[in-house]
Amino acid sequence: MLSVARYGTRDLARATEFYDVIAALLGARRVMERDELVAYKGADGGMFLIGLPFAGEASVGNGSQVGFSAPSRDIVDAVHAEAIALGGTCEGTPRVRGPDGPNGFYAAYFRDRDGNKIMVMRGGP
């Protein structure tokens with residue numbers, strides 16, 4: 001259902017440095033770069049955009065979150081670790097979540113350098 005998601009940033013160069021690493025780990029690639037925006041596209045066709053706001057200052061949305069699908073639990077772990085190493089903050093370490101047991105939903109949460117909340121997840125083992 002979701003085809004694109006976008007977050008604002010106060011510093012596009014700093015955000016791009018962060019998301020270039022995250023996108024590469026998830027098998028996505030940069031497909032657009034403009035003065036005010038960078039876009040990444042995953043193998044499933046979904047796009048993530050990070051850019052300067054159309055008007056005003058970039059701010060973090062209360063209750064906003066974007067989720068990235070990972071091809072394995074190891075990639076969930078790697079993305080979370082890299083996000084923290086790149087200056088993000090932990091919002092939830094990688095682990096199984098929910099009632100489905102060890103083969104269920106596996107996810108980690110972090111905030112990027114601007115404070116935007118990201119989930120990276122793998123459904124199933």
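In this predicted model, five aromatic pairs are counted among the rings of Phe, Tyr and Trp whose centres lie within 6.5 Å. In one of these pairs, the ring centres of Tyr 7 and Phe 48 are separated by 6.2 Å and the ring planes stand at 80°, so the arrangement is classed as edge-to-face. This pair connects distant parts of the chain, since Tyr 7 belongs to strand β1 and Phe 48 to strand β4, with their positions 41 residues apart. Tyr 7 is buried at a relative accessible area of 8%, and Phe 48, at 5% relative accessibility, likewise counts as buried. For Phe 18 and Tyr 19, the ring centres are 5.0 Å apart and the planes meet at 75°, so that this pair, too, is edge-to-face; both Phe 18 and Tyr 19 are buried. Through ring pairs, Tyr 7, Phe 18, Tyr 19 and Phe 48 are joined with Phe 68 and Phe 110 in a cluster.

The strands β1 and β4, which carry Tyr 7 and Phe 48 respectively, belong to an open sheet of four strands, arranged in the order β1-β4-β3-β2 with mixed pairing. Strands β1 (4–8) and β2 (29–34) occupy the edges and have a single partner strand each, so one side of each strand lacks a neighbour in the sheet. From one strand to the next, the twist averages 20°. Strands β3 (residues 37–41) and β4 (residues 47–51) run antiparallel and are joined by five bridges, and within this pairing Val 38 has Ile 50 of β4 as its bridge partner. Helix α1 packs on the sheet, where it touches β1, β2, β3 and β4, and its direction makes about 5° with that of β3.

Helix α1 (residues 12–25) is also associated with helix α2 (residues 73–85), the two axes coming within 10 Å and crossing at roughly 170°; α1 and α2 are therefore roughly antiparallel to each other. The contact brings Phe 18, Val 21, Ile 22 and Leu 25 of α1 against Ile 75, Ala 78, Val 79, Glu 82 and Ala 83 of α2, and the contributing residues comprise eight nonpolar and one charged, with no polar residue. Phe 18 thus appears both in this helix contact and in the aromatic cluster.

Helix α2 also contains His 80, which counts as buried because its relative accessibility is 8%. When residues up to four places away in sequence are not counted, His 80 touches Cys 90, Gly 92, Thr 93, Pro 94, Ala 108, Tyr 109 and Phe 110, and Phe 110 is itself a member of the aromatic cluster.

Terms used:
Residues numbered from 1 in each chain as written. Predicted model: local features only at pLDDT ≥ 70, side-chain atom pairs only at ≥ 80, totals over all residues. Heavy atoms only, no water. Axes fitted to C-alpha atoms, helices over the stretch in contact; angles between N-to-C directions. Helix = DSSP H or I, 4+ residues; strand = E, 2+ residues; numbered from the N terminus. Parallel < 35°, antiparallel > 145°, perpendicular 65-115°, else oblique. Contact = heavy atoms within 4.5 Å. Nonpolar A, V, L, I, M, F, W, Y, C, P; charged D, E, K, R; others polar. Pairing = 2+ DSSP bridges. Buried < 20%, exposed > 50% of the residue type's maximum accessible area, 1.4 Å probe, protein only. Phe/Tyr/Trp six-rings, centres within 6.5 Å; stacked < 30°, edge-to-face > 60°.
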